Amino acid sequence: MESLFAALSGDFLGTPVYFWVAFIAIVIALLVFDLGILHKDEHEIEAKESLLLYGFYVLIALAFGGWVWWQRGAEAGLEFYTGYLLEQSLAMDNMFVIATIFGFLAIPRIYQHRVLFWGILGVILFRAVLIGLGAAVVNQYNWVLFGFGAFLVFTGIRMFSHKDEEPNLDDNKTFQFITKRFRVTKELHGRAFTVKQPDPKTGKIVTWLTPLAVALIMVEVVDLVFAVDSVPAVFAVTQDTFIVYTSNIFAILGLRSLYFALAAMMNRFRYLQVSLAIILVLVGIKIFLVPLHIHIDTLLSLVVTLSILAGGILFSLWKTRNEPNISAVDHPETGQLEP
């Protein structure tokens, strides 16, 4: 027993092991609760259920941040909340692209949660690798933060200048690679990601990917692309690997649950991208100042980020107040599904 206590009290990446164990246990419990209880029987998730589930995930994140605050002090707690809010803000654009992918591949709402759930597992793994590498590089070469800052400023300016462009998935490199390198069925096969079917040339029974698997792969790639922006942004708040990683994962868990509410009214958030561009530029400037030992108060960063995000949401809803809600993903024709 003493050896177990000693192991849990040990240090991993600058944080006691028991912090990591607690975080992993919470995430596993949430995933089991989500798939094993809430969505044991697949069904279409309506906006109300989506909002309630999002509220539940927010409460869990707030409670976890409160525990970090209690155990490690106010500064660590504020860093967690700021990183959480920043990741949620920047990842919202990710949700819009995911909705476009589902519409492009005609994925019915009843199966979209399945793709998002298994996509979370990829997020947990890939973010761990990306954040671990980022932390190692920053700790070894502090000057790399200059590069992070410049990249975020450039990305924010580019996002602002391309704010009205729609993603063109017909020319998407990931989609083209998958369809050229793998056998992909034209129709869905229920909830299956792969099916066994005869090869049209040889007649042998081989494995085919379904559009559901294509959607999962594209969602994972999109998350990696967006992580290139959001992960360096959180490093502007803190270089604590534990806080960067946990705030990222809690934010993604919450946003994935909010997806169905957002997808039902994508057109109402037309001006949100401008807010996200401003946030990226400001965060880029903040991270650029870190190696110069110029510190911007964490609470101030939290308030500014929240204000810009809330302003973008409220302005978008006000400007589009007379427009009907338009879902980014409509039901595909029933003929695209197998009986």
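**An exposed leucine, a kinked helix and a nonpolar patch**

In this predicted model, L59 is exposed, with a relative accessible area of 57%; exposed here means over 50%. The residue lies in helix 3, which covers residues 47–72. Along the chain, L59 and G254 are 195 residues apart, yet a distance of 9.7 Å separates their C-alpha atoms.

Helix 4 comes next in this tour, running over residues 74–104. Of its 31 residues, 26 are buried, so helix 4 is largely enclosed by the rest of the structure. The count of buried residues rests on a cut-off of under 20% relative accessible area. At 1.5 Å a residue, helix 4 should span 45 Å, and its end C-alpha atoms are indeed 45 Å apart, so the two values agree. Helix 4 also has a kink of about 30 degrees, with A91 at its centre. Just after helix 4, the backbone at A106 adopts a positive phi of about 55 degrees.

Helix 5, made of residues 109–140, brings the reader to the surface patch: four residues of the nonpolar patch come from this helix, the largest share. The patch has an area of about 440 Å² and is formed by L125, F126, V129, L133 and L224. One of these residues, V129, is found in helix 5. With a relative accessible area of 46%, V129 is partly exposed, because that class takes in values between 20% and 50%. A residue needs over 30% relative accessible area to join a patch, and V129, at 46%, is part of this one.

Conventions. Residues are numbered from 1 along each chain as its sequence is written. This is a predicted model: local features need pLDDT of at least 70, side-chain atom pairs count only at pLDDT 80 or more; totals for chains, interfaces and linings use all residues. Side-chain values use heavy atoms; hydrogens and water are left out. Patches are made of residues with over 30% relative accessible area and no salt bridge: like charges are joined within 9 Å, nonpolar side chains (Val, Leu, Ile, Met, Phe, Trp, Tyr) within 5 Å. Accessible areas come from the Shrake-Rupley method with a 1.4 Å probe; for residues, only the protein chains shown count as cover. A salt bridge is a side-chain nitrogen of Lys or Arg within 4 Å of a carboxyl oxygen of Asp or Glu. Helices (H or I, at least four residues) and strands (E, at least two) are DSSP runs, numbered from the N terminus. Buried means under 20% relative accessible area, exposed over 50%, partly exposed in between (1.4 Å probe, protein chains only). The expected span of a helix is 1.5 Å times one less than its number of residues. The bend at a residue is the angle between axes fitted to the seven residues ending there and the seven starting there.
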